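Got the viewer open? Set the chain to cartoon, keep the side chains switched off for now, and follow along.

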Amino acid sequence: MESQEQGDTIFRLIWFVRQCFPGITDLIDAVNIARRDRPRVRLIIAGNRQDSFDPYRAQIQRLGLPEIVLAYPKYVSETFKATLYAAADATVLPHRDASQSAMGLEALAAGKPLIVTQGGGLVELVEEGQA
């Protein structure tokens, strides 16, 4: 079996949006940077937002990411959520000040590793360097 270069492997990240989190702009910027070394990285942003998704859609367009960042800014049924978790390689929680996250517990229950920021108590859900 031939090995693939790390940048050639598709790596799918997912983030479920339940309310307005400033970290979403940081996450989109991070994906823009990550694609330099991982051109096949993909980000799925799904969920109903309390505010307009238009500023984020504009950021995605401005950075040239419409083929990399897939957005479903609408209600996500439990069935569709399970499908998205199954398709993802990891779940990203880019919160700046969250103290807990139901998404983190859902992702762990789905067997998905978490990528979290230092905000709040999210780092307590993960062990650094462990999948």
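Which helix does Gln 59 lie in? Select residues 54–62: that is helix H2, and Gln 59 is part of it. (Helices are DSSP runs of H or I with at least four residues, strands are E runs of at least two, and both are numbered from the N terminus.)

A word on what you are looking at. This is a predicted model, in which local features need pLDDT of at least 70 and side-chain atom pairs count only at pLDDT 80 or more, while totals for chains, interfaces and linings use all residues. Residues are numbered from 1 along each chain as its sequence is written, and side-chain values use heavy atoms, with hydrogens and water left out.

**Stop 1: Gln 59**

Turn on the side chain of Gln 59. Its relative accessibility is 5%, so Gln 59 counts as buried. (Buried is under 20% relative accessible area, exposed is over 50%, and partly exposed is in between, with a 1.4 Å probe and protein chains only.) Now add Asp 29: the two side chains make a polar contact at 2.9 Å. (That term stands for a pair of N or O atoms within 3.5 Å; within protein, one must be able to donate a hydrogen and the other to accept it, and residues adjacent in sequence count only if both atoms are side-chain atoms.) Leaving aside neighbours within four places in sequence, Gln 59 is in contact with Thr 25, Ile 28 and Asp 29, where contact means heavy atoms within 4.5 Å.

**Stop 2: the whole chain**

Zoom out. You should find four helices and five strands, running β-α-β-α-β-α-β-α-β from the N terminus on. Of the 131 residues, 37% count as buried. Of the contacts with a separation of 6 or more, 67% are between residues 24 or more positions apart.

**Stop 3: the sheet**

Colour the strands. In what order do the five strands form the sheet? Reading across, the order is S3-S2-S1-S4-S5, in an open sheet with parallel pairing. The edges are S3 (69–72) and S5, each of which pairs on one side only. (Two strands pair if DSSP finds at least two bridges between them.) On average, neighbouring strands are turned by 25° against each other, direction ignored; the axes are lines fitted to C-alpha atoms, for helices over the stretch in contact, and angles run from 0 to 180 degrees between N-to-C directions.

Go to the S5 edge. S4 and S5 pair in the parallel sense over three bridges, and you can pick out Thr 91 standing opposite Leu 114 in S5.

Then select Phe 11, in strand S1. Phe 11 counts as partly exposed, at 25% relative accessibility. Not counting residues up to four places away in sequence, Phe 11 touches Arg 38, Arg 40, Val 41, Arg 42, Asp 89 and Ala 90. Try a distance to Ala 88 as well: Phe 11 and Ala 88 are 77 residues apart in sequence but 7.8 Å apart in space, C-alpha to C-alpha.

**Stop 4: H3 and H4**

Select H4, residues 102–109, and show Met 103, Gly 104 and Ala 107, which are buried. Look down the axis: the buried residues fall within an arc of 100°, so they line one face of the helix. (The arc is that of the directions from the helix axis to the C-beta atoms.) What do they pack against? Their partners are S1 (11–16), H3 (78–87), S4 (90–93) and S5 (114–116). On the other side of H4, Leu 105 and Ala 109 are exposed. After H4 comes Gly 111, with a positive phi near 80°.

Over to H3, where Lys 81, Leu 84 and Tyr 85 are buried. These residues cover an arc of only 100° around the axis, which puts them on the same side of H3. They pack against S1, S2 (41–46), S4 and H4. Thr 79 and Ala 86, on the other side of H3, are exposed.

**Stop 5: the rings**

Last, show the aromatics. There are two aromatic pairs, counted when ring centres of Phe, Tyr and Trp (its six-membered ring) lie within 6.5 Å; planes under 30 degrees apart are stacked, over 60 edge-to-face and the rest tilted. Phe 53 and Tyr 56 form a tilted pair, 5.7 Å centre to centre with 50° between the planes. Both Phe 53 and Tyr 56 are buried. The rings of Tyr 72 and Phe 80 have centres 5.5 Å apart and planes at 85°, so this pair is edge-to-face. Tyr 72 is partly exposed at 29% relative accessibility, and Phe 80 is partly exposed with a relative accessible area of 29%.

Key:
The arc is that of the directions from the helix axis to the C-beta atoms.
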